[in-house]
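Me: Could you take a close look at one part of this structure for me, the salt bridges, and walk me through what sits around them? I'm in my first year, so plain words please.

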Amino acid sequence: MTARRLDRGGRIDRGRTLTLRFDGRDIAAHPGDTLASAMLAADIRLVGRSFKYHRPRGVMAAGVEEANALVHLREGDRREPNTPATVVEAFDGLVATSQNAWPGLRFDVGAVNGLASRFLGAGFYYKTFIGPFRGTRFWMVCEAFIRRAAGMGRATTLDDPDAYEKVNAFCDLLVVGSGPAGLSAALAAAEAGREVVLAEQDSQLGGSILSTPVGGAQDQWREEVLARLAAMPNVRLMSRTTVFGAYDSNVFGMVERVTDHLAAPSNGMPRQRYWLLRARQAVLATGAIERPLVFAGNDVPGVMLASAAATYVNRYAVLPGERVVVAANNDSAYAAAVTLARAGARIVLCDVRASVPKELSDLARAAGIDLRPGHAVLKAQGGQRVTGAQIVAVNGDGRPSGAAMRVACDLIAMSGGWAPVLHLWSQRFGKPVYRPELDAFVPADRDGIACAGSLIGAESFNACREQGASAGGGSHVAAVPESPTFFWGRNLSPVSVIAHAGGRTPGKAFVDFQHDVKLADIDQAHREGFVSVEHLKRYTTSGMAADQGKTSNLNALARLAALRGMELPAVGTTTFRPPYTPVSIGTLVGHEFGLHFRPIRRTAVHGWHHDHGAVMTEAGLWLRPQYYPQAGESLREAYVREAAHVRAHVGIVDVSTLGKIAVQGPDAAEFLDRLYTNKMGNLSPGRLRYGLMLREDGFVHDDGIVACLGEGDYLVSTTTANAAAVLANAEHLLQTAWRDLRVHVTSVTDYWAAFAVAGPNSRALLASLIEADISNAAFPANAHREVTVGGIACRLHRTSYSGELAYEILVPSTHGLAVWEALVEAGRPLDLGVYGTEAMGALRIEKGHVALAEMEGRTTMGDLGMEGLASRRKPFVGSVLRLREVLADPSRPTLVGLKIDGSIGARAGALLFRRNDPATGHGEGWVSSTTWSPALGCNIALALLRHGAERMGERVRVVDLVGDLDVTAEVVSPKFFDPEGHRQNA
Amino acid sequence: MLRIHCPVCGLRDETEFTYGGDATVRRPAMDDPEPAHWLDYVFTRDNPRGPHREYWHHLGGCRQWLVVERDTLTHAMGETGLAREMAPLEMEP
């Protein structure tokens with residue numbers, strides 16, 4: 001027994017005992033414990049195996065910076081890998097298992113990697129891509145090794161059973177961190193009446209105060225401030241809430257762990273909440289993280305940060321070792337040493353500084369500490385737990401200057417200085433300033449963000465309070481009595497590496513524990529010519545593990561600086577990116593998955609389609625009927641039947657999804673003339689016209705119908721997919737370059753349901769429902785008018801997409817279903833059939849009408865054979881650039897029809913080649929749309945083909961390299977069916 | 001995330017807007033037949049480091065096009081207003 005639970009003290013509830021289970025072993029714990037503190041109380045030192053070398057690892061920290069004690073938390077569909085045991089709150093029934101070890105934690109086969117470490121050094125993976133290893137079996141081994149090792153723990157492959165929520169919030173002041181600085185900032189701002197959010201990642205508020213003795217002066221101050229804050233309605237205190245991202249305009253991403261401290265969320269509770277908080281101002285009071293020292297064996301279980309050792313004593317009432325060697329280069333470790341000594345440990349304190357302030361040496365001796373100035377730990381001894389330390393006298397550079405001597409111990413507590421938690425600041429502002437007296441990078445106040453406390457090197461508890469209050473807009477605060485301060489920044493010796501000349505260490509000395517990056521790896525990268533910290537980081541992977549180098553970055557930078565003979569700031573620092581600590585994907589997703597991934601738009605008749613067996617397809621956000629299968633019918637059988645039925649009788653299709661824009665105002669005619677390629681301004685009321693729009697660069701954008709309702713009053717339709725883009729572009733032109741035009745554009749897509757009624761019997765069907773005269777003479781092609789169906793005012797357009805005699809009826813959406821049902825009912829004697837988008841596509845391909853498969857952004861009017869729609873009497877959007885020389889190239893692919901030989905057909909995207917040419921390269925064109933044509937009795941396609949117009953009658957190869965298809969086809973006119981349009985004009 | 005001051009709706013999240021490109025280019029007059037002018041308008045852009053005026057469309061709000069001055073280096077937001085007041089007019093014929 002070495003580590004043990006103390007009889008007194010701590011912020012744990014000894015009245016209740018919880019049972020945790022780690023690798024099948026039961027561990028007793030109390031509420032207030034973490035998994036790590038409970039393990040230490042049970043003297044469990046070995047927690048996991050390391051990333052590359054599978055070295056034994058144990059608890060090294062007491063917070064989010066933990067790099068070694070990573071476990072699988074929970075089981076089954078809730079198993080979460082790479083969870084630091086130091087942040088897992090104890091709950092009854094907790095189950096955790098070790099990672100990265102097979103067959104077991106104590107005997108792990110992967111540990112042989114340690115013997116091969118020569119080959120696994122910096123950049124080994126990259127090196128396998130070059131030189132003699134490339135493509136060899138060794139490369140394959142490395143590849144498999146990396147794939148298996150990446151991520152370390154195993155994520156569950158089962159669906160996440162938990163619910164997550166998203167919250168949008170606002171405040172005057174966000175305070176990040178609830179230590180003395182954060183609490184003071186929150187109090188000052190709250191007392192001034194500001195809306196304050198105080199976010200703390202820990203389960204308890206108090207920050208570093210929680211690591212001081214319960215009931216002490218600092219603790220009493222904490223209790224008092226928390227009581228005052230809790231009583232104020234303008235304060236939201238959020239524990240278990242990590243501010244993981246700082247974004248532009250003072251927007252912060254936060255994750256609130258609502259039920260992670262319970263076995264499972266209770267009924268109806270989310271597991272976590274994702275907060276997106278917009279703060280007028282923010283105070284960062286995020287504190288600092290202790291730096292490890294770099295010496296041989298500094299990763300052996302039982303080597304721990306000094307502040308963490310003190311935290312285990314004061315917060316969790318766990319003595320992490322009875323015979324302790326403290327290794328330090330600064331004052332702060334003395335507080336930890338005294339804490340451990342008072343709790344009953346025997347202490348040898350090695351301080352690399354040759355001279356120690358008298359105040360500290362007196363204190364150490366009074367506590368019975370064996371103080372060794374000018375000494376350091378050269379090596380930690382032991383395998384699965386620390387058994388001793390080799391200590392040695394060192395010179396000012398951390399080089400041993402004599403023979404090492406062994407001290408038996410069960411804990412080595414190290415302190416190599418501190419690293420301010422400037423991650424959030426760095427996410428926003430990039431590079432911080434180096435303060436040589438602190439040997440650390442420190443942030444500074446910037447627009448809307450103030451920094452306070454240990455983050456900027458506050459020297460004492462009261463200094464933290466002063467800075468916090470000031471950052472929160474308050475004034476001077478009365479000092480609270482405190483025990484002697486051991487501020488780390490005073491007299492700090494910037495020596496963090498204990499090694500012989502040339503970086504030699506008597507064993508592996510780690511810089512980045514989680515990614516197994518050794519001192520020797522940094523040195524090797526330097527020898528290989530790496531001089532930039534950004535390159536060093538990526539080459540060695542130092543700082544790239546899940547902990548983002550919270551304990552390793554400064555040591556890696558310092559080593560590179562020393563090797564290059566430069567000051568630390570000259571080498572620079574890397575930039576932090578969100579998130580500060582890992583965030584569950586489920587939290588970011590919230591409820592936006594599955595059917596809720598994005599909004600779904602349904603037409604007014606959606607329920608009817610559903611009830612009548614329609615198979616729906618997505619068109620943007622819309623759901624549309626694709627086909628209505630009868631019993632046993634395939635897609636192809638169904639659409640062929642539906643399309644043939646339209647040409648023989650009459651059919652109806654829901655086209656509500658087409659974009660509809662009201663264009664209104666005195667200059668509407670002029671506006672439409674500018675927007676469309678063809679003349680629109682001369683449309684008279686009651687008439688409609690098909691039109692084409694280009695982009696500014698001269699390529700075809702969209703098509704649709706313009707109906708003139710009256711003077712300065714038009715209803716314009718667009719394709720379903722481009723409805724939003726056409727409207728936004730119209731608004732842009734009208735609000736910028738053309739703002740002299742008096743025109744309003746309004747989307748009325750959702751206002752009108754629209755149905756196309758097509759086929760030889762369509763007139764008879766409509767005539768049976770409406771009173772108006774719609775004979776060909778009274779209501780010819782391209783006419784429109786108002787009609788009433790069952791008392792409902794509708795609009796009737798005589799327009800045809802199918803090539804049949806056809807109409808589109810526009811119905812106010814709320815009456816859409818009633819009119820649809822009236823049409824279906826009236827259609828019974830005329831054998832009305834419903835059809836979906838698939839049959840609609842077949843009909844339009846037979847007619848050679850282009851859709852977005854042809855107007856796909858790379859085609860011109862010339863390419864699509866639509867030159868005739870370009871007015872020569874007026875300029876329009878794209879009218880100059882469409883005539884660019886490069887677009888006049890006669891070899892550009894142009895629209896043709898294909899009659900495909902055989903019964904298999906082709907697929908959109910298939911390439912076209914000359915009949916006797918090999919099917920290599922990009923070919924001479926491609927298939928854009930294809931269908932089985934019931935009217936022609938063969939497979940047909942629209943395609944774009946070089947010199948298309950000159951190649952009628954030629955046979956070409958149609959090759960689909962993806963579908964492994966190679967057929968022949970005859971090049972024909974794209975107007976396959978009724979090219980003169982007799983049927984639609986009947 | 002940027003927050004953009006819409007003169008109609010107030011300070012709103014970037015996610016309510018769509019980006020509309022460079023707001024310093026001037027559209028040639030409608031009947032300008034000179035291809036060079038149009039090529040310039042459509043394709044030629046500066047890539048400034050620092051303050052830049054650009055169009056943002058308040059799609060999830062009032063649907064007004066705005067001219068927003070944004071620092072491309074720091075994302076600091078400067079003058080913001082309605083495009084119909086701040087956008088460059090069409091070039092003179």
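Reply: Sure, and keep in mind that this is a predicted model. Let's warm up on the surface: Trp102(A), Phe107(A) and Val109(A) make up a nonpolar patch there, and together they have about 380 Å² of accessible area. Val109(A) belongs to the loop that runs between strand E8 (95-98) and helix H2 (124-127) of chain A. Its relative accessibility is 38%, so Val109(A) counts as partly exposed, because that label covers values between 20% and 50%.

Now for the salt bridges. Over all chains, the count comes to 62. One of them joins the side chains of Arg278(A) and Asp13(B), at 2.4 Å from N to O. This pair crosses between chains: Arg278(A) is in strand E14 (residues 272-284) of chain A, while Asp13(B) is in strand E2 (residues 10-13) of chain B. Are these two buried or exposed? Arg278(A) has 5% relative accessibility, so it counts as buried. Asp13(B) is buried too, with a relative accessible area of 9%. The cut-off behind that word is under 20%.

Next, stay within chain A. Glu633(A) and Arg641(A) form a salt bridge, and their closest N and O atoms are 2.7 Å apart. Arg641(A) is at 26% relative accessibility, so this residue counts as partly exposed.

Then there's Arg647(A), which pairs with Glu804(A); here the closest N and O atoms are 2.8 Å apart. This one links distant parts of the chain, since the two residues are 157 residues apart. Arg647(A) sits in helix H17 (residues 635-648) of chain A, and Glu804(A) sits in the loop between strand E41 (792-797) and strand E42 (806-812). Both ends are tucked away: Glu804(A) is buried at a relative accessible area of 1%, and Arg647(A) is buried at 10%.

Salt bridges can also join up into a group. Asp331(A), Asp351(A), Arg353(A), Glu359(A) and Arg490(A) are linked in such a network.

One last stop, this time for helices. In chain A, helix H4 (residues 180-191) packs against helix H5 (residues 217-230) at an angle of about 35°, and their axes are 10 Å apart. On the H4(A) side, the residues making the contact include Leu183(A), Ala186(A) and Leu187(A), and on the H5(A) side they include Trp221(A), Val225(A) and Leu229(A). The crossing of H4(A) and H5(A) is left-handed.

Key:
Residues are numbered from 1 along each chain as its sequence is written. Chains are lettered from A and ligands numbered from 1 in the order in which they are written. This is a predicted model: local features need pLDDT of at least 70, side-chain atom pairs count only at pLDDT 80 or more; totals for chains, interfaces and linings use all residues. Side-chain values use heavy atoms; hydrogens and water are left out. Patches are made of residues with over 30% relative accessible area and no salt bridge: like charges are joined within 9 Å, nonpolar side chains (Val, Leu, Ile, Met, Phe, Trp, Tyr) within 5 Å. Accessible areas come from the Shrake-Rupley method with a 1.4 Å probe; for residues, only the protein chains shown count as cover. A salt bridge is a side-chain nitrogen of Lys or Arg within 4 Å of a carboxyl oxygen of Asp or Glu. Helices (H or I, at least four residues) and strands (E, at least two) are DSSP runs, numbered from the N terminus. Buried means under 20% relative accessible area, exposed over 50%, partly exposed in between (1.4 Å probe, protein chains only). Axes are lines fitted to C-alpha atoms, for helices over the stretch in contact, and angles run from 0 to 180 degrees between N-to-C directions. A crossing is left-handed if the near helix is turned anticlockwise from the far one by less than a right angle, and right-handed if clockwise. Contact means heavy atoms within 4.5 Å.
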